[in-house]
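Biologist: I have a structure open and would like to learn how to read its features. Could you walk me through a few of them?

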Amino acid sequence: MKQQTNLWSQVGKYSIFSLLLTFLSIPQIQAQNKSLSGYVRDGMTGEALIGATIFVPSLKKGAYTNDYGFYSLTLPSGTYDVQFRYLGFVVDTQTVNLTENAKIEVELLPEQTSVDEVVISSKAPSSNVNSNEMGVTSLSINEIKKIPVIFGETDVLKTIQLLPGVKPAGEGNSGFYVRGGSSDQNLILLDEAPVYNASHLLGFFSVFNGDAIKNTKLYKGNQPAEYGGRLSSTMDISMRDGNTKDYKLTGGIGLISSRLTFEGPIKEDEGSFMVSGRRTYADLFLGLSNDEALSNSALYFYDLNAKANYKLGEKDQIFLSGYFGRDVFQFQDNFGIDWGNTTATLRWNHIFNDKLFLNSSLIYSDYDYSINIDAVDGSLFSGIQDWNLKENFTYYANSQNTIDFGVDAIYHTFTPGGFVSSEENLNMELEDRYALETAAYVSHDWSPTNNFKLTYGLRLSNFTVLGPGTFYQYNAEGAVVDSSVYTSSEVVKNYSGLEPRINATYILGENHSVKASYARNRQNIHLLSNSTSSTPTDLWIPSSEIVAPEISDQWSVGYFRNFNDNKWEASVEVYYKDLQNQIDYQNGADIFLNENVESQLVFGDGWAYGAEFLLKKNVGKFTGWVSYTLSRTMRQFEEINDGNPFPARQDRIHDVSVVAIYEPNKKWSFSGSFVYYTGDAITFPSGSYSIDGNIVPYYTERNGYRMPDYHRLDLSATWYGKNPETNLNFSLYNAYGRKNAFTIDFRESETNPGTTEAVRTHLFQWVPSVTYNFSF
């Protein structure tokens, strides 16, 4: 004992943090505790099971597996029955004689689910009550695949839009808003790599192929300290690792796209790979048209996901994953646009001992677009590129204390845009911008009693704008008054700040709890866009001498309750979010290839508040959920609306989603979803006047009008073969043919010249689809 204490004292001389580790380890030493650790995997595929439960009934203590299936649980020496659980899988109970540290690798087998026990949730029973998380939603790909969406394509982003606090950006759109934030305030990660434009076909598809996705987790603003860089949410999407047992070919054939996935072991139970591709083929049908304008045009997108992993020993495993996707639109030989994302992630997992787990990641992300204009033999381009290094440690001190800590560094290259043409007088190129974004963080998950849990953390973020480049200063009218030239890697501006995070849970009883949280987030890269969601021509810019970091402070409280043996769950969450340094355009802004684009911006504040209600049924033939969000989102800029507050475009007072899934037997599954929400706030002309015979609109207040309310019903039916992965899906988007307004434009009336009329455009009245999914 004395020798152990002296050892820790020597370590403490070199690190204040080690003192905390020492404090947390003392109870373990005194009680002669031992560690039980290992991995929990799917016994059929070898895939890691994220969030599996390890539970000791006699002690009422447990743990969850991390994103790589690893767990560590500290217990007093003794003999215990240990249960390994994951919903949809057979419970594995093992008797463990814990006289020394032990490692147990567990493979759970899928359960042959009876008709009365159909489960749509991948969460453990009562996890919504007992876990120290709020504003967090996890979705398994099996759950997502049962919900009808446009064109019958499994779509992660469209499914999360059915959850409380998450609002779609528009008709058929994969963009989304979270708790009053704009679409660029969402961080979307694919195997840790940021995806800057998650949309295909201008938002009608997302870039995430459902066959390549394993798990999705959405944090609505109160994410753990390891995440940063966005104000509103973090969406963490994990790709499948691949089957370590057998080779497998799966795919699907739909009306406008098809998919194919091949996976298998590199070496059985040691490593695996997965390759998945998807492509639309509308362009193939265009080629059959008798209309020359159509037959010489192209419109398609494609995706390629790939991942491989291999065990280097008992303590080491490496993962290599990547994504490449592209959209192509070409109208004859006149005009074309293509855009896409490329990501790559190299990860190394290392287990130092039974208590310390490390994940090291090297990440690459690139987004770019180009617009080709054949008339001048020219091309317009823009993009953003990241290189990212992350080190994340998890220390399982004991059953009451877990600590996460690490560092994160991102080198950004911003390409604001340029135009290259064979006609040299048209050529122009804006200077690239460079920045280094770094962070260090620590988070402590503490359970002092069985009823009280506390997770608190601190993130120190730093953003350094770097040269080379010329940086301008402007007067109040936006005219250039001075400029400064910086050399390569010279520091232009530095922003630093602390981001505290805290979550607390008090369990009132076996089936209900109350939770509270606070989080501060900072955002140093900003999207300039006039659209409701990501489009190819969006422009990303960094914080600078003119543009300050956006900052949010979010407070939330909630009540969570389960009913009827956890078959039903309900929750109510109330939040308030304060937003600083929000960005908008000044009236009449000119941003197209403008090297002084910062002079066209205005800066102000915002706030959002609301209440989110969720009622969900997890078990039985009939499952699903009802969600309702009551909220407001406001902005205030001195230069806009005479300085008065106005609703943000995404201000939707009422938002309702209903999802129902009925599975009468193992052959058929029926599902439907209904959505209703208040129309977007929008700026319409309040009147018009005539100048030289031309009608000119007259505008008064910003976002003083509303689009018509939106509502829609989608239906789906799936027939399953002997192998459930072989099935036939029928779906109908917008079942009762509601003509929801996509745009409302104003023009001079053709039948009554001199007067103005509103013209309403809708996109989809009915969209039927059929998809055949297969597996070999």
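Modeller: Gladly. Strands here are DSSP runs of at least two residues, numbered from the N terminus. Keep in mind that this is a predicted model.

Biologist: Then where is Leu539 found?

Modeller: Leu539 sits in strand 35, which covers residues 539-542.

Biologist: And is Leu539 buried or exposed?

Modeller: The word buried means under 20% relative accessible area. Leu539 has 10%, so this residue is buried. You can also look at spacing: Leu539 and Thr216 are 323 residues apart along the chain, and their C-alpha atoms are separated by 27 Å.

Biologist: Let's turn to the surface. Which residues form the negative surface patch?

Modeller: A patch joins like charges within 9 Å. In this case the negative patch consists of Asp333, Asp374, Asp377 and Glu423. Glu423 belongs to the loop between strand 26 (401-421) and strand 27 (428-429). With a relative accessibility of 37%, Glu423 counts as partly exposed.

Biologist: Which residues form the nonpolar patch on the surface?

Modeller: For that kind of patch, nonpolar side chains are joined within 5 Å. Here the members are Leu255, Phe622, Tyr662, Trp668, Phe670, Trp719, Phe730 and Val770, and together they have about 730 Å² of accessible area. Take Trp719 as one of them: this residue lies in strand 47 (residues 710-720), and its relative accessible area of 35% makes Trp719 partly exposed.

Biologist: I see many rings too. How many aromatic pairs are there?

Modeller: Rings pair if their centres lie within 6.5 Å, and planes between the stacked and edge-to-face ranges count as tilted. The count by this rule is 31 aromatic pairs. In the pair of Phe684 and Tyr705, the ring centres are 6.0 Å apart and the planes are at 45°, so this pair is tilted. Phe684 is in the loop between strand 43 (681-682) and strand 44 (687-691), while Tyr705 is in strand 46 (residues 705-706), so the pair ties together parts 21 residues apart in sequence. Phe684 is buried at 8% relative accessible area, whereas Tyr705 is partly exposed at 31%.

Biologist: What about Phe774 and Phe776?

Modeller: Those two form a tilted aromatic pair, 5.6 Å centre to centre with 45° between the planes. Phe774 is buried, with a relative accessible area of 13%, but Phe776 is exposed at 66%.

Biologist: And which residues form one aromatic cluster?

Modeller: Look for Tyr39, Tyr68, Phe70, Phe319, Phe357 and Tyr396, which form one cluster of aromatic residues.

Definitions and conventions:
Residues numbered from 1 in each chain as written. Predicted model: local features only at pLDDT ≥ 70, side-chain atom pairs only at ≥ 80, totals over all residues. Heavy atoms only, no water. Patch = residues over 30% accessible without salt bridge, like charges linked within 9 Å, V, L, I, M, F, W, Y side chains within 5 Å. Areas by Shrake-Rupley, 256 points an atom, 1.4 Å probe, with all protein chains shown as cover. Salt bridge = Lys/Arg side-chain N within 4 Å of Asp/Glu carboxyl O. Lys, Arg positive; Asp, Glu negative; His and termini not counted. Charge placed at Lys NZ, Arg CZ, Asp CG, Glu CD. Helix = DSSP H or I, 4+ residues; strand = E, 2+ residues; numbered from the N terminus. Buried < 20%, exposed > 50% of the residue type's maximum accessible area, 1.4 Å probe, protein only. Phe/Tyr/Trp six-rings, centres within 6.5 Å; stacked < 30°, edge-to-face > 60°.
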